[in-house]
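I opened this entry to look up where the ligand sits and what surrounds it. A few backbone details are noted at the end.

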Amino acid sequence: MQTVSIGSVHYTEMGTGTPVFLVHGFPLDSRIWGDAGAMLASSFRVVVPDLPGFGKSTLNVPASKQNVSFSMESLAGSLLELADALRIDRFVLAGLSMGGYVAQALYRNAPERLLGLCFVDTRANADDDTGKAARNKMIELIDRQGSPGVVESMLSKMLHPGAYLLDPALVERLRDIMLAQPPGTLRSACAAMRDRPAFFEALPTLSCPLQVIVGSGDAIAPVEVAKKIVELTPGARLDVIEGAGHLSSLERPAEVAEAIEAFVRSIEGKVG
Ligand code: MLT
């Protein structure tokens, strides 16, 4: 583990070869990629960051500023700064859910840096009015109850339904990760997700290969959403991970690592 001074982004870097960034979602941190990242590191140079404000990373704002805010673009900018600091020019970027929105923002600003995009359990639409209202409610909940309010509201939707009965250890692991995220970060992330633009219009002419991975039981970004993204993107590949919910990288790390490995190998075959 090394630290670089871009809002103090903490990241784990493992392995050698084609660079692959693995980006977490909301309200989470790099631990959701831990096992899959370690598996991928036997083939590639894997970088797993905590986005600014999440996990062990901090936000680069004065301590006095209570309501810190960021955008998907600024989070994407922090990934580019990390890549620059690591002297990585082009890389494959896999983002889970909110991490996918960050990947979309990075593509919008710097498509030339991407060897490939991998959307994991994510969406390409913007929030509609109902979605925006739900974000505002979540912000109010965070203001009233802090991070435990988010856990209460989201924990039961994150994993495949079977996990809540069969894998209490995984549920507790997830609860710990969610509880560890600071309320100020969660608040800013809700606002940033609420205000993000759609990505659909970029899909038909995407300048790099796209992989879409989705848990068969994803209740937040369901399989139909993944299929729609693939339909709109020429040449995109779809991997449905059986037995996983919204957090396929945490729930089925071996299957997700295998799917990403096949995708990156296909890119290496084309460029090398
Ligand atoms: C996530 O998992 O990152 C979030 O559920 C994404 C969202 O709420 O849109």
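The notes below go from the ligand to its pocket and then to the backbone.

Entry 1, the model. I am working with a predicted model, and I read every value here as computed from it.

Entry 2, the ligand shell. I first listed the residues around the ligand, and found G25, F26, S97, M98, Y101, R135, M154, M193, I220 and H246. Sorted by class, this shell holds six nonpolar, three polar and one charged residues.

Entry 3, polar atoms at the ligand. Which atoms lie 2.8 Å from an oxygen atom of the ligand? I noted a polar side-chain atom of S97 at that distance, and for M98 a backbone N or O atom, also 2.8 Å from an oxygen atom of the ligand. At F26 I found a polar backbone atom 2.7 Å from a ligand oxygen. I then looked up how much of the ligand is covered: taken alone it exposes 270 Å², of which the protein buries 93%.

Entry 4, the pocket. The ligand sits in the largest pocket, for which I noted a volume of about 530 Å³. This pocket is lined by 21 residues, and those closest to its centre are R123, A134, R135, M154 and I220. Going back to the shell list, I see that R135, M154 and I220 are also among the residues around the ligand. By class, the lining has 10 nonpolar, five polar and six charged residues.

Entry 5, helices in the lining. Which helix gives the most to the lining of the largest pocket? I found that α4 does, with four residues. At least two lining residues each come from α3 (98-109), α4 (129-145), α5 (147-158) and α8 (183-194).

Entry 6, backbone details. I looked at the peptide bond from F26 to P27 and found it cis, with omega near -5 degrees; P27 belongs to the loop between β3 (19-23) and α1 (34-40). F26 is thus noted twice in these entries, here for its cis bond to P27 and above for its polar backbone atom 2.7 Å from an oxygen atom of the ligand. I also noted R87, which is not a glycine yet has a positive phi of about 60 degrees, and which I placed in the loop between α2 (72-85) and β5 (91-96).

Notes
Residues are numbered from 1 along each chain as its sequence is written. This is a predicted model: local features need pLDDT of at least 70, side-chain atom pairs count only at pLDDT 80 or more; totals for chains, interfaces and linings use all residues. Side-chain values use heavy atoms; hydrogens and water are left out. A residue is near a molecule or strand if one of its heavy atoms lies within 4 Å of it. A polar contact is a pair of N or O atoms within 3.5 Å; within protein, one must be able to donate a hydrogen and the other to accept it, and residues adjacent in sequence count only if both atoms are side-chain atoms. Accessible areas come from the Shrake-Rupley method with a 1.4 Å probe; for residues, only the protein chains shown count as cover. On a 1 Å grid over the protein atoms alone, a cavity is a set of points where a 1.4 Å probe fits but cannot get out, and a pocket is an open set with protein on both sides within 12 Å along at least five of seven lines; lining residues have an atom within 4 Å of a point. A molecule sits in a cavity or pocket if more than half of its atoms lie within 2 Å of its grid points. Ala, Val, Leu, Ile, Met, Phe, Trp, Tyr, Cys and Pro count as nonpolar, Asp, Glu, Lys and Arg as charged, and the others, Gly among them, as polar. Grid points are joined across faces, edges and corners, and a volume is the space filled by probe spheres set on the points.
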